[in-house]
Amino acid sequence: MAKDKDGQKCFKELVRNYFRYYCERSTIHCVRYLYDPRLHNVERLIWCALLVISVTLCGSFYLLLSERFRAQKLQTVIDDPQYPVFFVQFPAVGVCTDNRINWSKLDEAKAQFLPANSSEQLVEGFTTLVTYLETLRFDNFKYSNSELEDQNFEALDFVNISSLAFFLALRCEDIIEPSSCTWRQSSFNCCEYFALEKTEYGLCLVFNSELSEQSVQLKKRVGKDFYPKHNAKAGQSSGLNFNLILHKRFKRPASQATDNVYVDVYSTLRGKENLYYNISTFQIMIKKPHQLTNTVFSLTPNTETYVTIRPQMTRTDESTRNIPPEHRNCHFADEHEDFGTSDAPRRFSKSFLLSNCLNNCHESYLIKLCNCTLPIFFLINGKVEDCKAVSLRCISRHNDIFSYDKHLKEDDFFSASKPGMTCPCLVNCNVLEYYTSTTTLPLTGQNMSASHQFFKVDVHYQVENMITYRTSLEFSSIDLIANLGGIFGLCLGASMVSGVELIYYLTVGFAMHLYDNSYYGLLRESLKQKWAKFLLYLRNGISHAQQQTEATEAMAKSQLRHPFNKRTNAW
């Protein structure tokens, strides 16, 4: 017992001496005064109280900074206030007519798609089908389901709707005045640059896009560095100018289509995403060149419309990837949604799929509800068959769903839930925005005619320099480390080296101190003694158990037995 007490006393003395040794050499303020022999005990107590207060303040500040770091808030700041607009691609401008069908080609379509010697009922049904196609758009099918039920569409199942729509679509030479197109005040061939492309509003003529095969060939011929086009100037007539003409002969006499022309403006910058704006009396959409979904605004006949565009770019730092996309409200290129209804993920890049997320989501609803797809609105899909004439009934029946995009949490704020398509699509984290405004002026009487409607369009930049923004974490891990270092330096006069020093003195330094004072030999002898006592205890316990067993057996043998016990013949 005396040796154990001496060992414990020796260990406590070593710890006390080592603590004094650390206090004399520590770089942390206040610590060196805890064992200073020149100070009075009252002074030591004061320094100890100051040390406790400083450590408490550091702990409270650490909790506040940790809470701010866990909040993961984002901030957007100006990255470059004078970024030249020619660094970004000029937006692609698409022209769509409300009437999708060139009725002057109806007889050619009958000869192309109907068998020879077709019956009058089949020809009449085919004409009715073309009538329904003239205003067909994904988000608004004007005909009621009861009206479509009366039609014998089953007899027209052999007609490919998409091929028919492509055949009857209005071409560039039908609606664009040939000599009216200018780019940066230089004339060009309109039909060489305006390509027929699919959108959810039907087939449209698009300038400066990369979606169609015609645009791809144009890019190869001009060069990828010069197409899509860029523009460095701003102001009227500095960008794209063209004239549109709608002839009455292209329109069915009793057509429900209006004389409006829809102009789509969509961004051709790679890695950017679409945004929707409801500005004034029209809607405009900005998107990548390969993006199919678009929104449109209406142009009034016999007017001159000036479309003014102010681009703005926002970049998001890679440090925000740890934040869930729902919290940062954007997706990086490799975070696209796969709806499992199309083979597009095998054929297109991830950035392309992200740009067309809404379009893919809309197609998934069409496949889910009608079990078919329409290539005039969506990408060619090898997993699902194309919609037939009878599918128009299904499209009409679910028109209330196809015509409305719902937000994920929209129903929480409305008493009556509205049916629609809920798509988990977010904008690209590197987004190019085009803020657009229009000015419409009436044309003079020289351009007016009873046989056609006339439109003039001028699309140009508003400014020659744009503002770029950068979105990043408001409080990153580097900020946390820097703030913690400042707080520990302010309160304790400590640094990272002081922390490493404290860890060293608590581990390696303390072990070496015990070794230098031959404590391990004493500890080894103490452990040997305790092990021997333990073994002795076990032996004493076993011998005691054996003695108890032998006493029990002797007691059992000494007990009286029955007089006839173990006798073979008691009688």
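These exercises walk through one predicted chain, from its overall makeup to single side chains.

Residues are numbered from 1 along each chain as its sequence is written. The model is predicted, so local features need pLDDT of at least 70, side-chain atom pairs count only at pLDDT 80 or more, and totals for chains, interfaces and linings use all residues, while side-chain values use heavy atoms, with hydrogens and water left out.

**Exercise 1. Describe the chain as a whole.**

Task: State how many helices and strands the chain has, and what percentage of its residues count as buried.

Solution.
- Step 1. Count elements. There are 19 helices and 17 strands. Helices (H or I, at least four residues) and strands (E, at least two) are DSSP runs, numbered from the N terminus.
- Step 2. Apply the burial cut-offs. Buried means under 20% relative accessible area, exposed over 50%, and partly exposed in between (1.4 Å probe, protein chains only). Of the 571 residues, 45% count as buried.
- Step 3. Turn to the surface. The chain exposes about 31200 Å², and carbon and sulfur atoms supply 55% of it. Areas come from the Shrake-Rupley method with a 1.4 Å probe; for residues, only the protein chains shown count as cover.
- Step 4. Check contacts (heavy atoms within 4.5 Å). Among contacts with a separation of 6 or more, 73% join residues 24 or more positions apart.

**Exercise 2. Find the two sides of helix H16.**

Task: Which residues of H16 are buried, and which are exposed on the other side?

Solution.
- Step 1. Take the span. H16 covers residues 477-492, 16 in number, and reaches 22 Å from its first C-alpha to its last. That is close to the 22 Å expected at 1.5 Å a residue. The expected span is 1.5 Å times one less than the number of residues.
- Step 2. List the buried residues: Leu 480, Leu 484, Ile 487, Cys 491 and Leu 492.
- Step 3. Look down the axis. The buried residues of H16 fall within an arc of 90°, so they line one face of the helix. The arc is that of the directions from the helix axis to the C-beta atoms.
- Step 4. Turn the helix over. Ile 478, Ala 482 and Leu 490 are exposed on the other side of H16.
- Step 5. Identify the cover. H2 is included in what covers the buried residues of H16.
- Step 6. Read the residue that follows. Gly 493 comes after H16 and has a positive phi, near 65°.

**Exercise 3. Repeat for helix H18.**

Task: Which residues of H18 are buried?

Solution.
- Step 1. In H18 (residues 508-516), the buried residues are Gly 509, Phe 510, His 513 and Leu 514.
- Step 2. Their arc around the axis is only 135°, which puts them on the same side of H18.
- Step 3. Tyr 515 and Asp 516 are exposed on the other side of H18.
- Step 4. Ser 518 follows H18 with a positive phi, near 55°.

**Exercise 4. Place Leu 170.**

Task: Is Leu 170 buried or exposed, and what does Leu 170 touch?

Solution.
- Step 1. Locate Leu 170 in the loop between helix H6 (161-168) and helix H7 (172-175).
- Step 2. Leu 170 has a relative accessible area of 8%, so it is buried.
- Step 3. Leave out residues up to four places away in sequence. Leu 170 then touches Thr 97, Asn 99, Arg 100, Ile 101, Asn 102, Ile 175, Leu 196 and Phe 250.

**Exercise 5. Trace the salt bridges.**

Task: How many salt bridges does the whole structure hold, and where does the pair of Arg 393 and Glu 154 lie?

Solution.
- Step 1. Set the criterion: a side-chain nitrogen of Lys or Arg within 4 Å of a carboxyl oxygen of Asp or Glu. The search finds 11 salt bridges.
- Step 2. Arg 393 meets Glu 154 at 2.8 Å, N to O. Arg 393 lies in helix H14 (residues 391-397) and Glu 154 in the loop between helix H5 (145-149) and H6, so the pair ties together parts 239 residues apart in sequence.
- Step 3. Compare burial. Arg 393 is buried at 12%, whereas Glu 154 is partly exposed at 42%.
- Step 4. Glu 304 meets Lys 456 at 4.0 Å, N to O. Glu 304 is in strand S12 (residues 303-316) and Lys 456 in strand S16 (residues 452-461), 152 residues apart.
- Step 5. Finish with the network. Salt bridges link Glu 318, Arg 321 and Asp 334.
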